[in-house]
Amino acid sequence: MKKTLEEHAARFDDVAAAYDDDQTPEYNECVALVLEHADVGGADTVLDLGCGTGAIALGLAADAGRVVGRDISDGMLTQAREKATTRGVDNVAFDTGRFREPNYDGDADVVVSNFAMHHLSDAEKRSAIDTIAGLNPHRIVLGDVMLFGGPNPDAPFYSPAVDDPATVGVLADAFTDAGYAVTAVEMVHEQVGVLVAETR
Ligand SMILES: C[S@@+](CC[C@H](N)C(=O)[O-])C[C@H]1O[C@@H](n2cnc3c(N)ncnc32)[C@H](O)[C@@H]1O
(Lines give C-alpha, C1' and ligand atoms only; values in the text may rest on other atoms or scores of the structure.)
Protein backbone atom coordinates (compact mmCIF):
# COMPACT_ATOMS: atom_id res chain seq x y z
CA MET A 1 0.00 0.00 0.00
CA LYS A 2 1.58 3.24 -1.13
CA LYS A 3 -0.34 5.37 1.37
CA THR A 4 -1.53 4.48 4.84
CA LEU A 5 -5.18 3.58 5.36
CA GLU A 6 -5.63 6.92 7.11
CA GLU A 7 -4.14 8.79 4.14
CA HIS A 8 -6.40 6.93 1.70
CA ALA A 9 -9.43 7.61 3.91
CA ALA A 10 -8.60 11.31 4.14
CA ARG A 11 -8.11 11.51 0.37
CA PHE A 12 -11.59 10.07 -0.21
CA ASP A 13 -13.14 12.18 2.58
CA ASP A 14 -11.96 15.24 0.63
CA VAL A 15 -13.62 14.21 -2.65
CA ALA A 16 -16.68 12.42 -1.28
CA ALA A 17 -19.26 15.16 -1.93
CA ALA A 18 -18.29 15.48 -5.60
CA TYR A 19 -17.29 11.85 -6.22
CA ASP A 20 -20.43 10.81 -8.10
CA ASP A 21 -20.27 13.82 -10.44
CA ASP A 22 -16.80 13.10 -11.78
CA GLN A 23 -16.76 9.64 -13.38
CA THR A 24 -15.39 8.30 -16.65
CA PRO A 25 -17.18 6.12 -19.22
CA GLU A 26 -14.84 3.27 -18.26
CA TYR A 27 -15.80 3.56 -14.59
CA ASN A 28 -19.48 3.54 -15.57
CA GLU A 29 -18.93 0.48 -17.77
CA CYS A 30 -17.15 -1.25 -14.92
CA VAL A 31 -20.04 -0.51 -12.55
CA ALA A 32 -22.50 -1.94 -15.08
CA LEU A 33 -20.43 -5.10 -15.52
CA VAL A 34 -20.03 -5.66 -11.78
CA LEU A 35 -23.79 -5.29 -11.29
CA GLU A 36 -24.48 -7.70 -14.14
CA HIS A 37 -21.95 -10.34 -13.09
CA ALA A 38 -22.98 -10.18 -9.42
CA ASP A 39 -26.27 -11.71 -10.60
CA VAL A 40 -27.78 -11.56 -7.11
CA GLY A 41 -31.09 -13.04 -6.03
CA GLY A 42 -33.63 -12.15 -3.39
CA ALA A 43 -32.21 -14.55 -0.81
CA ASP A 44 -28.62 -13.31 -1.20
CA THR A 45 -26.57 -11.42 1.35
CA VAL A 46 -24.09 -9.27 -0.54
CA LEU A 47 -20.94 -7.65 0.85
CA ASP A 48 -19.49 -4.64 -1.01
CA LEU A 49 -15.92 -3.88 0.07
CA GLY A 50 -14.58 -0.39 -0.60
CA CYS A 51 -18.20 0.58 -1.24
CA GLY A 52 -17.52 4.31 -1.44
CA THR A 53 -20.71 6.27 -2.08
CA GLY A 54 -22.60 3.04 -2.76
CA ALA A 55 -22.67 2.73 -6.55
CA ILE A 56 -22.57 -1.06 -6.40
CA ALA A 57 -24.28 -1.67 -3.05
CA LEU A 58 -27.27 0.53 -3.92
CA GLY A 59 -27.34 -0.80 -7.47
CA LEU A 60 -27.76 -4.35 -6.17
CA ALA A 61 -30.16 -3.64 -3.31
CA ALA A 62 -33.40 -4.06 -5.26
CA ASP A 63 -32.44 -7.60 -6.33
CA ALA A 64 -30.71 -8.77 -3.13
CA GLY A 65 -32.02 -9.80 0.24
CA ARG A 66 -29.52 -7.71 2.15
CA VAL A 67 -26.48 -5.63 1.21
CA VAL A 68 -23.61 -4.71 3.53
CA GLY A 69 -21.25 -1.92 2.45
CA ARG A 70 -17.87 -1.37 4.05
CA ASP A 71 -15.34 1.43 3.54
CA ILE A 72 -12.57 3.25 5.38
CA SER A 73 -13.75 6.78 4.49
CA ASP A 74 -16.38 8.36 6.74
CA GLY A 75 -17.06 10.96 4.04
CA MET A 76 -17.83 8.34 1.41
CA LEU A 77 -19.98 6.37 3.88
CA THR A 78 -21.97 9.51 4.72
CA GLN A 79 -22.74 10.03 1.02
CA ALA A 80 -23.76 6.36 0.68
CA ARG A 81 -26.12 6.57 3.67
CA GLU A 82 -27.69 9.79 2.39
CA LYS A 83 -28.32 8.19 -1.02
CA ALA A 84 -29.93 5.15 0.62
CA THR A 85 -32.24 7.40 2.63
CA THR A 86 -33.13 9.58 -0.37
CA ARG A 87 -33.95 6.52 -2.47
CA GLY A 88 -35.86 4.78 0.31
CA VAL A 89 -33.54 1.76 0.26
CA ASP A 90 -33.83 -0.03 3.60
CA ASN A 91 -31.98 -3.33 3.06
CA VAL A 92 -28.47 -1.81 2.89
CA ALA A 93 -26.19 -1.14 5.87
CA PHE A 94 -23.05 0.98 5.48
CA ASP A 95 -20.32 0.98 8.08
CA THR A 96 -16.58 1.21 8.57
CA GLY A 97 -14.55 -1.79 7.47
CA ARG A 98 -11.51 -2.66 5.43
CA PHE A 99 -10.61 -5.43 3.05
CA ARG A 100 -8.63 -7.46 5.53
CA GLU A 101 -10.84 -6.61 8.53
CA PRO A 102 -14.30 -6.17 7.01
CA ASN A 103 -16.13 -5.70 10.31
CA TYR A 104 -18.60 -8.34 9.18
CA ASP A 105 -19.41 -11.64 10.87
CA GLY A 106 -21.16 -14.49 9.14
CA ASP A 107 -21.28 -15.67 5.58
CA ALA A 108 -21.88 -13.65 2.42
CA ASP A 109 -23.40 -15.19 -0.69
CA VAL A 110 -21.79 -12.73 -3.08
CA VAL A 111 -18.86 -10.37 -2.45
CA VAL A 112 -18.33 -7.44 -4.79
CA SER A 113 -15.75 -4.69 -4.97
CA ASN A 114 -15.28 -1.93 -7.51
CA PHE A 115 -12.29 0.36 -8.05
CA ALA A 116 -10.94 -0.12 -4.52
CA MET A 117 -8.61 -3.11 -4.14
CA HIS A 118 -5.87 -1.56 -6.28
CA HIS A 119 -4.83 0.56 -3.32
CA LEU A 120 -3.44 -2.58 -1.66
CA SER A 121 -0.07 -4.12 -2.47
CA ASP A 122 -0.16 -7.48 -4.23
CA ALA A 123 0.63 -9.30 -0.95
CA GLU A 124 -2.19 -7.38 0.76
CA LYS A 125 -4.55 -8.22 -2.11
CA ARG A 126 -3.78 -11.92 -1.61
CA SER A 127 -4.50 -11.57 2.09
CA ALA A 128 -7.75 -9.66 1.31
CA ILE A 129 -8.84 -12.37 -1.14
CA ASP A 130 -8.16 -15.02 1.52
CA THR A 131 -10.27 -12.99 3.99
CA ILE A 132 -13.08 -12.76 1.43
CA ALA A 133 -12.88 -16.49 0.72
CA GLY A 134 -13.28 -17.08 4.48
CA LEU A 135 -16.79 -15.57 4.23
CA ASN A 136 -17.73 -18.47 1.90
CA PRO A 137 -19.27 -16.52 -0.99
CA HIS A 138 -20.22 -18.59 -4.01
CA ARG A 139 -19.30 -15.67 -6.26
CA ILE A 140 -16.80 -12.81 -6.02
CA VAL A 141 -16.90 -9.98 -8.55
CA LEU A 142 -13.94 -7.63 -8.66
CA GLY A 143 -14.02 -4.56 -10.88
CA ASP A 144 -10.81 -2.63 -10.59
CA VAL A 145 -7.72 -1.09 -12.03
CA MET A 146 -5.93 -4.24 -13.21
CA LEU A 147 -3.16 -4.60 -15.77
CA PHE A 148 -3.86 -6.55 -18.95
CA GLY A 149 -0.38 -5.66 -20.21
CA GLY A 150 2.52 -3.85 -18.55
CA PRO A 151 1.92 -0.91 -16.23
CA ASN A 152 1.64 2.43 -18.02
CA PRO A 153 1.59 5.35 -15.58
CA ASP A 154 0.97 7.69 -18.54
CA ALA A 155 -2.30 5.96 -19.41
CA PRO A 156 -5.49 6.68 -17.46
CA PHE A 157 -6.52 4.99 -14.21
CA TYR A 158 -3.03 4.35 -12.82
CA SER A 159 -1.41 6.97 -10.58
CA PRO A 160 1.77 5.40 -9.23
CA ALA A 161 1.79 7.69 -6.18
CA VAL A 162 -1.43 6.22 -4.80
CA ASP A 163 -2.25 3.10 -6.84
CA ASP A 164 -0.76 -0.38 -6.83
CA PRO A 165 -2.68 -2.34 -9.47
CA ALA A 166 -2.00 -6.05 -9.96
CA THR A 167 -1.79 -7.85 -13.27
CA VAL A 168 -4.82 -9.93 -14.18
CA GLY A 169 -2.58 -12.99 -13.82
CA VAL A 170 -1.62 -12.17 -10.22
CA LEU A 171 -5.29 -11.68 -9.31
CA ALA A 172 -6.38 -14.88 -11.07
CA ASP A 173 -3.66 -16.85 -9.24
CA ALA A 174 -4.77 -15.40 -5.88
CA PHE A 175 -8.40 -16.40 -6.46
CA THR A 176 -7.37 -19.84 -7.67
CA ASP A 177 -5.13 -20.37 -4.63
CA ALA A 178 -8.06 -19.32 -2.41
CA GLY A 179 -10.14 -22.15 -3.87
CA TYR A 180 -12.08 -20.32 -6.59
CA ALA A 181 -12.33 -20.77 -10.34
CA VAL A 182 -12.02 -17.63 -12.46
CA THR A 183 -15.09 -17.87 -14.68
CA ALA A 184 -14.95 -14.54 -16.52
CA VAL A 185 -12.56 -11.70 -17.17
CA GLU A 186 -13.84 -8.60 -18.95
CA MET A 187 -11.42 -5.98 -20.25
CA VAL A 188 -12.85 -2.46 -20.10
CA HIS A 189 -9.53 -0.73 -20.78
CA GLU A 190 -5.96 -2.01 -20.88
CA GLN A 191 -5.73 -1.01 -17.22
CA VAL A 192 -9.32 -1.65 -16.05
CA GLY A 193 -11.29 -4.87 -15.91
CA VAL A 194 -13.80 -7.06 -14.14
CA LEU A 195 -12.88 -10.51 -12.85
CA VAL A 196 -15.45 -13.06 -11.70
CA ALA A 197 -14.47 -15.93 -9.39
CA GLU A 198 -16.85 -18.70 -8.36
CA THR A 199 -16.72 -21.75 -6.15
CA ARG A 200 -15.42 -24.84 -7.94
C1 LIG B 1 -12.43 4.87 -6.16
S2 LIG B 1 -13.45 4.59 -4.74
C3 LIG B 1 -14.61 3.38 -5.33
C4 LIG B 1 -15.88 3.40 -4.55
C5 LIG B 1 -17.01 2.49 -5.07
N6 LIG B 1 -16.68 1.10 -4.93
C7 LIG B 1 -17.40 2.81 -6.49
O8 LIG B 1 -17.41 1.90 -7.34
O9 LIG B 1 -17.69 3.98 -6.77
C10 LIG B 1 -12.37 3.61 -3.70
C11 LIG B 1 -12.94 3.41 -2.31
O12 LIG B 1 -12.15 2.42 -1.66
C13 LIG B 1 -12.01 2.78 -0.31
N14 LIG B 1 -10.84 2.07 0.22
C15 LIG B 1 -9.53 2.27 -0.04
N16 LIG B 1 -8.77 1.39 0.60
C17 LIG B 1 -9.63 0.58 1.30
C18 LIG B 1 -9.46 -0.53 2.19
N19 LIG B 1 -8.25 -1.01 2.49
N20 LIG B 1 -10.55 -1.11 2.72
C21 LIG B 1 -11.80 -0.64 2.42
N22 LIG B 1 -12.02 0.42 1.60
C23 LIG B 1 -10.95 1.02 1.05
C24 LIG B 1 -11.89 4.30 -0.35
O25 LIG B 1 -12.19 4.90 0.88
C26 LIG B 1 -12.91 4.64 -1.44
O27 LIG B 1 -14.18 4.90 -0.91
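Visitor: Let's start with His-118: does it count as buried or exposed, judging by relative accessibility?
Guide: Keep in mind that this is a predicted model. The relative accessibility of His-118 comes out at 5%. The cut-off for that class is under 20%, so His-118 counts as buried.

Visitor: And where is His-118 found?
Guide: His-118 has contacts with Lys-125, Asp-144, Val-145, Asp-163, Asp-164 and Pro-165, leaving aside neighbours within four places in sequence. As for its place in the chain, His-118 is in the loop between S4 and helix H5 (122-133).

Visitor: Moving on to helix H5, is Ser-127 buried or partly exposed?
Guide: Ser-127 sits in helix H5. Its C-alpha is 9.6 Å from that of Ala-178, with the two positions 51 residues apart in sequence. The relative accessible area of Ser-127 is 30%. Partly exposed runs from 20% to 50%, so Ser-127 is partly exposed.

Visitor: What relative accessible area does Ser-73 have?
Guide: Ser-73 belongs to the loop between S2 and H4. Beyond four places in sequence, Ser-73 touches Ala-9, Phe-12 and Asp-13. Ser-73 is buried, and the relative accessible area behind that label is 0%.

Visitor: Which side chain makes a polar contact with the side chain of Ser-73?
Guide: Three residues beyond four places in sequence touch Ser-73: Ala-9, Phe-12 and Asp-13. The polar contact, side chain to side chain, has a distance of 2.6 Å. The partner is Asp-13.

Visitor: Now Arg-70: what is its relative accessibility?
Guide: Arg-70 is part of strand S2 (residues 66-71). Leaving out residues up to four places away, it touches Leu-47, Asp-48, Leu-49, Gly-50, Cys-51, Ala-93, Phe-94, Asp-95, Thr-96, Gly-97, Pro-102 and Asn-103. Arg-70 counts as buried because its relative accessibility is 9%.

Visitor: How far does the side chain of Arg-70 reach to get to the backbone oxygen of Pro-102?
Guide: Two backbone oxygens matter for this side chain. A polar side-chain atom of Arg-70 lies 3.1 Å from the backbone oxygen of Asn-103. For the backbone oxygen of Pro-102, the distance from the Arg-70 side chain is 3.1 Å.

Visitor: How far apart in space are Arg-70 and Asn-152?
Guide: In sequence, 82 residues separate Arg-70 and Asn-152. From C-alpha to C-alpha, they are apart by 30 Å.

Visitor: Which element gives the most to the largest nonpolar core?
Guide: That core has 34 residues, and Val-46, Phe-94 and Val-112 touch the most other members. Elements giving two or more residues include helix H3 (55-61), helix H4 (74-87) and strand S3 (92-96). The biggest contribution is 6 residues, and they come from H2.

Visitor: How many residues make up the other core?
Guide: This other core lies apart from the largest one. Its members include Ile-129, Ile-140, Tyr-180 and Ala-197. The count of residues is 26.

Visitor: On to the ligand: how many residues surround it?
Guide: The closest are Tyr-19, Tyr-27, Gly-50, Asp-71 and Asn-114. With a cut-off of 4 Å between a heavy atom of the residue and the molecule, the number of residues around the ligand is 19.

Visitor: How far is an oxygen atom of the ligand from an N or O atom in the side chain of Asp-71?
Guide: Compare a few polar pairs. A polar side-chain atom of Tyr-19 lies 2.8 Å from a ligand oxygen, and a polar backbone atom of Asn-114 is 2.8 Å from a ligand nitrogen. For the side chain of Asp-71 and a ligand oxygen, the distance is 2.6 Å.

Visitor: How much of the ligand's accessible area does the protein cover?
Guide: On its own, the ligand has 600 Å² of accessible area. The share of this that the protein covers is 97%.

Visitor: Finally, what is the radius of gyration of the protein chain?
Guide: The chain has 6 helices and 8 strands. For 200 residues the globule rule gives 16 Å, and the chain's value is close to that, so it is as compact as a globular protein of that length. The radius of gyration itself is 15 Å.

Notes: Residues numbered from 1 in each chain as written. Predicted model: local features only at pLDDT ≥ 70, side-chain atom pairs only at ≥ 80, totals over all residues. Heavy atoms only, no water. Core = buried A, V, L, I, M, F, W, Y, C linked by side-chain atoms within 4.5 Å. Buried < 20%, exposed > 50% of the residue type's maximum accessible area, 1.4 Å probe, protein only. Helix = DSSP H or I, 4+ residues; strand = E, 2+ residues; numbered from the N terminus. Polar contact = N/O pair within 3.5 Å; in protein donor to acceptor, adjacent residues only side chain to side chain. Areas by Shrake-Rupley, 256 points an atom, 1.4 Å probe, with all protein chains shown as cover. Rg over C-alpha atoms; globule rule 2.2 N^0.38 Å. Contact = heavy atoms within 4.5 Å.
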